[in-house]
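Before any calculation is set up on a model of two chains, it helps to have its architecture described in words. The report below is meant to be read beside the sequence and the coordinates.

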Amino acid sequence: MAESREQRGASKLLNAVWIRPFLFLIFIVIAWDLTIRIFHIPQYQIPAPADVVAVLWHDWPELLSQSWPTTYATVYGFLLSALFGIPVAMLIAGSKTVESYIYPLLVFSQSVPKIAIAPLFVVWFGFGIIPKVISAFLLGFFPVVVSAVQGFKSVDPDMVDLARAMKGSRFQVFCAVNLPHAMPAIFSGLKVSVTLAVVGAVVGEFVGSNSGIGYVMQRSIGTFDLPTMFAALVILALLGVILFWVVDRIERLVIPWHVSQREDLIIAA
Amino acid sequence: MVSQPGAHLRVVSDGAAGASGIRISGVSKTYRTRDGDVPSLKPLDFHINDGEFFVVVGPSGCGKSTLLKMISGLLPPSSGEILVDGKQVTEPHGNVGIVFQNALLLPWRTVLANVMLPIDMKRLPRAQYRQRAMELLKLVGLEGFEKKLPWQLSGGMQQRASICRALVHDPRIMLMDEPFGALDAMTRERMNMELQRIQRETGKTILLITHSIPEAVFLADRVLVMTERPGSIAAIYDVPLGRERSLDVMADPAFTQLVQQIRKHFFTQSALD
């Protein structure tokens with residue numbers, strides 16, 4: 001019994017969700033290192049992995065302190081896109097009139113390159129956190145709305161009729177049927193949104209800021225300090241992964257019943 | 001006949017004749033679309049007695065589901081009036097239980113919580129009806145599945161749970177829109193037996209819509225045959241079989257004869273899908 005349990009433990013480790021991407025990542029880093037050695041690529045074009053790791057190691061406190069402003073801007077921007085995106089989606093899905101007024105404009109606004117109007121926010125709000133938050137919000141907002149609208153609209157009308165026939169009020173039916181039904185779609189939107197919010201925050205920092213990872217990247221490009229720039233990229237990627245993971249965890253808590261979560265249930269059973 | 005109002009009604013249960021049950025008088029439905037008005041139902045007049053098992057058969061798109069929605073109060077008729085137990089239906093009245101072709105269980109609710117949905121919607125005391133929900137689940141053979149989620153159940157079991165949901169708030173009327181259309185033939189026959197038993201035990205008025213003529217004759221006290229869109233009444237048949245029926249009844253000459261007779265309606269219309 002003990003042996004089989006041990007075996008199961010080993011196979012579980014191999015099958016763990018994080019181990020495969022991790023192995024692949026190691027493979028990429030090795031390939032990167034080999035490419036630089038074989039083709040003699042100079043450091044000012046692509047730094048070696050070891051140099052990047054060295055920067056990460058030595059400048060860790062500085063990088064960490066710079067990553068906080070970016071994280072704040074991302075999280076605030078993301079929360080704002082959820083806070084506004086979901087109600088807007090409710091309005092769009094709930095009323096044909098609202099949809100006909102708002103939706104086309106929303107799509108239109110998406111074709112405006114955010115990076116082009118980002119300096120405008122600096123002009124309006126200065127060099128603080130606000131332009132970054134707005135930039136993160138603008139990038140994160142659209143995917144939430146699109147997914148949530150699709151989620152709200154895909155409710156089976158018979159199901160709504162069934163609840164209404166039991167004298168459920170509009171609000172009751174919405175809470176019991178429409179909202180839970182839309183949750184999986186909302187979460188898939190939130191997951192896209194949170195990674196885009198990171199991009200948005202960095203764009204905000206590029207344009208006008210004196211703190212944050214985006215600022216570090218801007219500065220290191222200016223001095224051809226590519227190892228630092230790559231180290232900043234690594235931090236950004238980590239930030240994205242961590243935030244994505246947090247949303248994913250919340251999703252598991254909120255919709256444990258959904259198809260995407262069932263595999264775990266079966267394995268656990 | 002004229003001297004006694006209501007005497008022409010075949011009263012199955014007691015209670016005030018004429019006032020109880022479902023009365024449909026001059027009810028029609030026309031949908032307004034961009035291409036103009038589309039008549040769905042021609043004016044209908046009929047009466048379903050309290051405690052009766054009433055089955056409607058008809059070709060697709062003849063407005064059967066529209067009729068069902070109007071009786072539940074979800075859809076206003078274009079003309080005429082619908083009386084349920086003497087009261088005119090103008091909005092959802094909650095005195096119905098509905099079963100659709102798909103079980104339509106909410107995937108995030110357990111089987112028991114799904115059955116309790118009408119209780120939540122009608123704001124009835126949960127504790128009081130929980131016991132009733134458990135008993136209904138037992139009645140349909142779902143004891144022990146209360147805490148399961150819908151996807152863990154087979155199609156037939158899901159449909160049985162949805163029947164419990166239609167019964168839990170103890171409505172007078174059950175409206176069933178092709179409830180067994182999505183089930184395989186064997187499960188379907190078993191469900192027919194069970195539905196018959198449930199109806200005998202609870203004494204509910206049932207309005208069931210189906211495509212299957214044998215199913216209609218097997219279950220019904222009376223069968224209403226509808227014509228193609230716009231739907232109207234082709235005929236109403238009394239089923240001359242006793243109320244207690246086993247599957248053997250399908251071999252009864254009276255059964256096969258009635259099935260043949262109803263089938264003829266659709267062959268002359270040449271449109272049964």
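What follows describes a predicted model, taking up the domains, the contact between the chains, a sheet and one residue in turn.

**Domains**

Both chains carry a division into two domains, and the table sets out their bounds together with the separation of the domain centres, taken over C-alpha atoms.

| Chain | Domain 1 | Domain 2 | Distance between centres |
|---|---|---|---|
| Chain A | residues 1-41 | residues 45-268 | 29 Å |
| Chain B | residues 22-95 + 172-269 | residues 107-170 | 25 Å |

In chain A, five residues of domain 1 are in contact with four residues of domain 2, and the side that domain 1 contributes consists of four nonpolar residues and one charged residue, with no polar residue. In chain B, 11 residues of domain 1 are in contact with eight residues of domain 2. Helix H6 (residues 185-202) of chain B gives the most to the domain 1 side of that contact, namely five residues, and by class this side holds seven nonpolar, three polar and one charged residues.

**Contact between the chains**

The contact between chain A and chain B takes 17 residues from chain A and 19 residues from chain B. On the side of chain A that touches chain B, helix H8 (157-165) and helix H9 (170-207) of chain A each supply at least two residues, and the largest share, seven residues, comes from H8(A). The residues of this side of chain A divide into 10 nonpolar, two polar and five charged.

**A sheet in chain B**

Chain B contains an open sheet of six strands, ordered S6-S7-S8-S3-S9-S10, in which the pairing is mixed. Its edges are strand S6 (96-99) and strand S10 (233-238) of chain B, each of which pairs on one side only, and from one strand to the next the twist averages 15 degrees. Helix H5 (residues 155-167) of chain B lies across S6 and strand S7 (173-177) of chain B, and its direction makes an angle of about 165 degrees with S6(B).

Strand S9 (residues 222-226) of chain B shows both senses of pairing: S9(B) is joined to S10(B) by five bridges in the antiparallel sense, whereas strand S3 (residues 53-57) of chain B pairs with S9(B) in the parallel sense over four bridges. Leu224(B) can be followed across these pairings, since its bridge partner in S10(B) is Ile236(B), while Val56(B) stands opposite Leu224(B) in S9(B). S9(B) and S10(B) form a hairpin with six residues between them. S9(B) is mostly covered, four of its five residues being buried.

**Leu80 in chain A**

Leu80(A) has its place in helix H4 (residues 60-94) of chain A. Is Leu80(A) buried or exposed? Leu80(A) has 18 other C-beta atoms within 10 Å and is therefore partly exposed, because a buried residue needs 20 or more such atoms and an exposed one has 12 or fewer. When residues up to four places away in sequence are not counted, Leu80(A) touches Val133(A) and Phe137(A). Gly140(A) is 60 residues apart from Leu80(A) in sequence, yet the two are 8.6 Å apart in space, C-alpha to C-alpha.

Notes. Residues numbered from 1 in each chain as written. Chains lettered and ligands numbered in written order. Predicted model: local features only at pLDDT ≥ 70, side-chain atom pairs only at ≥ 80, totals over all residues. Pairing = 2+ DSSP bridges. Axes fitted to C-alpha atoms, helices over the stretch in contact; angles between N-to-C directions. Contact = placed C-beta atoms within 7 Å. Nonpolar A, V, L, I, M, F, W, Y, C, P; charged D, E, K, R; others polar. Domains from an automatic or database assignment.
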